[in-house]
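Please open the model in a viewer and keep the sequence panel visible. The stops below are arranged so that each selection leads to the next.

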Amino acid sequence: MAKTMASSGPAAPVPARPAKPFNSYLLNKCLIGYGVINGIINAVIFYLLHMGEPAALFGEADIFHDFALTGVLLGILLFVIVVPLTRMDLRKGVFAGPNVANLGGAASLVPASYAPALLVTTVVATVAIMGVGAFAATLLPLPLSMTGMMLLKGVVCAVGGGVAGYFTICYVVRSGKTEA
């Protein structure tokens, strides 16, 4: 005689993970996801571009030229990539969207439309990278070796990525759109 399992009803649904508070999500993404990871990626890219010239030295002009171009590219690419990912997280309830009126800080500088927000994020990322790079260049003995420049680029891009990530997430929340 075969045993059968009688079901007394539908299985209880697995409770969804509670949404992260917005500030926790923002801090995690900006520091780790868009900051540290971005710094590592940019340092590796710099190394790969210059590994054929290990004795190269980088002066002030080289540093600022590199950081200006990096700031523009980082701002644009991070914004274009992160907007759909953040909208998906918001739609899936990964984080609790804050009341837009309570965002405060620099979030009010971020426009709620895509193109102006992209432009603001790119400018802010470039200014952050150039500012941190200029400050570091006054403290470091120039010219920098390839290793020194690679480390500086990693740190500077981590700061720029964190700042661009903050502005991008604020744009998504301010725009109120959850569709990619």
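**A guided tour by selection**

Begin by selecting F22, Y25 and F95, which ring pairs link into a cluster. The coordinates displayed are those of a predicted model. By the ring-pairing rule, the count of aromatic pairs comes to seven, and two further pairs are visited below.

**The whole chain**

Colour the chain by secondary structure. It contains four helices and zero strands, and from the N terminus on the elements run α-α-α-α. Of the 180 residues in the chain, 36% are buried. Among contacts with a separation of 6 or more, 92% are between residues 24 or more positions apart.

**F79 and its ring partners**

Next, select F79 and Y114. How are the two rings of F79 and Y114 arranged as an aromatic pair? The arrangement is edge-to-face, with 5.1 Å centre to centre and 65 degrees between the planes. Because F79 lies in helix 2 (residues 60-92) and Y114 in helix 3, this pair ties together parts that are 35 residues apart in sequence. F79 has a relative accessibility of 0% and therefore counts as buried, whereas Y114 is partly exposed, with a relative accessible area of 35%.

Keep F79 selected and add Y171. These two residues form a tilted aromatic pair, 5.3 Å centre to centre with 45 degrees between the planes. Y171 lies in helix 4 and F79 in helix 2, so the pair ties together parts that are 92 residues apart in sequence. Both F79 and Y171 are buried.

**T121 and its contacts**

Move to T121 in helix 3 (residues 114-139). Is T121 buried or exposed? Its relative accessibility is 0%, so T121 counts as buried. Display the side chains around T121: leaving aside neighbours within four places in sequence, its contacts are G75, F79, A164, F167 and T168. F79, the residue of the two ring pairs above, is thus one of the contacts of T121.

Now select V123, which also lies in helix 3. V123 is partly exposed, with a relative accessible area of 46%. Draw a distance from the C-alpha atom of V123 to that of I76; the separation is 9.3 Å, although the two residues are 47 residues apart along the chain.

**The largest pocket**

Turn on the surface and select N38, N42, I45, L74 and L77. Of the 22 residues that line the largest pocket, these lie nearest its centre. The pocket holds about 460 Å³ of space. Which elements give two or more residues to the lining of the largest pocket? They are helix 1 (22-50) and helix 2. Helix 2 gives the most, with eleven residues.

**The cysteines**

Select C30 and C170 and show their sulfur atoms. The closest cysteine sulfur to that of C30 is in C170, at 7.7 Å, which is too far for a bond. A search of the whole structure finds zero disulfides. C30 counts as buried at 11% relative accessibility. Then select C157, which is also buried, with a relative accessible area of 0%.

**Loops and the final helix**

Select E53, found in the loop between helix 1 and helix 2. E53 is partly exposed, with a relative accessible area of 38%. Add M146 to the selection: C-alpha to C-alpha, E53 and M146 are 8.3 Å apart in space, while in sequence they are 93 residues apart.

Proceed to P143, in the loop between helix 3 and helix 4. Examine the peptide bond from L142 to P143, which is cis, with omega near -5 degrees.

Select helix 4 next. What should the 30 residues of helix 4 (residues 146-175) span at 1.5 Å a residue? The expected span is 44 Å, and the end C-alpha atoms are 42 Å apart, which agrees. Finish at G176, which follows helix 4 and has a positive phi, near 75 degrees. As background to these last backbone features, most residues other than glycine have a negative phi, and most peptide bonds are trans.

Definitions and conventions
Residues numbered from 1 in each chain as written. Predicted model: local features only at pLDDT ≥ 70, side-chain atom pairs only at ≥ 80, totals over all residues. Heavy atoms only, no water. Expected span 1.5 Å × (residues − 1). Buried < 20%, exposed > 50% of the residue type's maximum accessible area, 1.4 Å probe, protein only. Contact = heavy atoms within 4.5 Å. Phe/Tyr/Trp six-rings, centres within 6.5 Å; stacked < 30°, edge-to-face > 60°. Disulfide = S-S within 2.5 Å. 1 Å grid on protein atoms, 1.4 Å probe; cavity = no way out; pocket = protein on both sides within 12 Å on 5 of 7 lines; lining within 4 Å. Points joined across faces, edges and corners; volume = space filled by probe spheres on them.
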